[in-house]
Amino acid sequence: MSDKQFAAGDHIDAKCTKCKDTTNHTIVALVDEKVARVECNTCGGIHNYRPATVKKTPAKSRAAATKAAKINKIEAEWEGHLDNADPATATTYSMKMAAKPGILIQHPTFGLGRIISTTKPNKMDVFFRDGVKILRCTVS
Ligand SMILES: [Zn+2]
């Protein structure tokens, strides 16, 4: 909560039942240094102070949820690509490795991944836990 000290005559956002909205109000009376009565600057109604509703940000949380769902989807897809492969059979990534789609590789940064496609002469798309990365390699 804010430590701001209010005084009569100050402006404050409050809920107005007449306007059915959060509007700017002028403080009319305080009790124990707390805002008690306010006058709505929109409709002029004087009523008990009701704190302004903190507007939720559903858009943001929805974006976060979408992002989380996307990560889960990528992880699920990654697990599908790995298909319970034994990490011990993975080839350690190097730029000189001979890449072929389907090969399981172990990358020092991205971890375990499956080569999904290769592009001559030296690129491959690898599906890692956090999505597809394009890596250098040797395509024969
Ligand atoms: Zn009002």
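Which pattern does the protein chain follow when you read along the sequence? It goes β-β-β-β-α-β-β-β-β-β, so to speak in one breath: one helix and nine strands. Before I go on, please keep in mind that this is a predicted model.

Okay, overall shape. For a compact globule of 140 residues you'd expect a radius of gyration near 14 Å, but this protein chain has 30 Å. The C-alpha trace spans about 80 × 30 × 25 Å along its principal axes. The chain is divided into domain 1, residues 11-48, and domain 2, residues 83-140, and the C-alpha centres of the two domains lie 64 Å apart. Helix 1 covers 58-82. As for burial, 14% of the 140 residues count as buried. And if you take the contacts with a separation of 6 or more, 27% of them come from residues 24 or more positions apart.

Let's start at the N-terminal end. Strand 1, residues 11-16, pairs with strand 2, residues 21-31, in the antiparallel sense, over six bridges. Ile12 stands opposite His25 there. The two strands form a hairpin with four residues between them, and Lys20 in the turn has a positive phi of about 55°. Move on to the loop between strand 2 and strand 3, and you meet Asp32. Its phi is positive too, near 50°. Asp32 counts as exposed because it has 5 C-beta neighbours inside 10 Å.

There's a similar case after the helix. Asn84 lies in the loop between helix 1 and strand 5, and its phi is positive, about 55°, although it isn't a glycine. With 6 C-beta neighbours inside 10 Å, Asn84 is exposed as well. For context, most residues other than glycine have a negative phi, and most peptide bonds are trans.

Now the other sheet. Five strands make an open sheet in the order 5-6-7-8-9, with mixed pairing. Strand 5 (91-92) and strand 9 (131-136) are at the edges with a single partner strand each, so one side of each has no neighbour in the sheet. Inside the sheet, strand 7, residues 111-119, and strand 8 run antiparallel, joined by five bridges. Thr119 has Lys123 in strand 8 as its bridge partner. The loop between those two strands holds Pro121, and this is one to look at on screen: the peptide bond joining Lys120 and Pro121 is cis, with omega about 5°.

So what makes up the largest nonpolar core? Ten residues, as follows: Tyr93, Ala99, Ile105, Ile115, Met124, Val126, Phe127, Phe128, Leu135 and Cys137. Strand 8, residues 123-128, gives the most to this core, with four residues. Apart from it lies another core, of six residues, including Ala14, Cys16, Val35 and Tyr49. Back in the largest one, Leu135 is in contact with Tyr93, Met124 and Val126, leaving aside neighbours within four places in sequence.

Last stop, Thr138. Where is it? In the segment after strand 9. Is Thr138 buried or exposed? Neither, quite: it counts as partly exposed, because it has 15 C-beta neighbours inside 10 Å. Leaving aside neighbours within four places in sequence, Thr138 is in contact with Lys96, Met97, Ala98, Ala99 and Asn122. Its C-alpha is 9.2 Å from that of Lys100, and those two are 38 residues apart along the chain.

That's my tour. Questions?

Technical notes: Residues numbered from 1 in each chain as written. Predicted model: local features only at pLDDT ≥ 70, side-chain atom pairs only at ≥ 80, totals over all residues. Pairing = 2+ DSSP bridges. Core = buried A, V, L, I, M, F, W, Y, C linked by C-beta atoms within 7 Å. Buried ≥ 20, exposed ≤ 12 C-beta atoms within 10 Å, placed from the backbone. Contact = placed C-beta atoms within 7 Å. Rg over C-alpha atoms; globule rule 2.2 N^0.38 Å. Domains from an automatic or database assignment.
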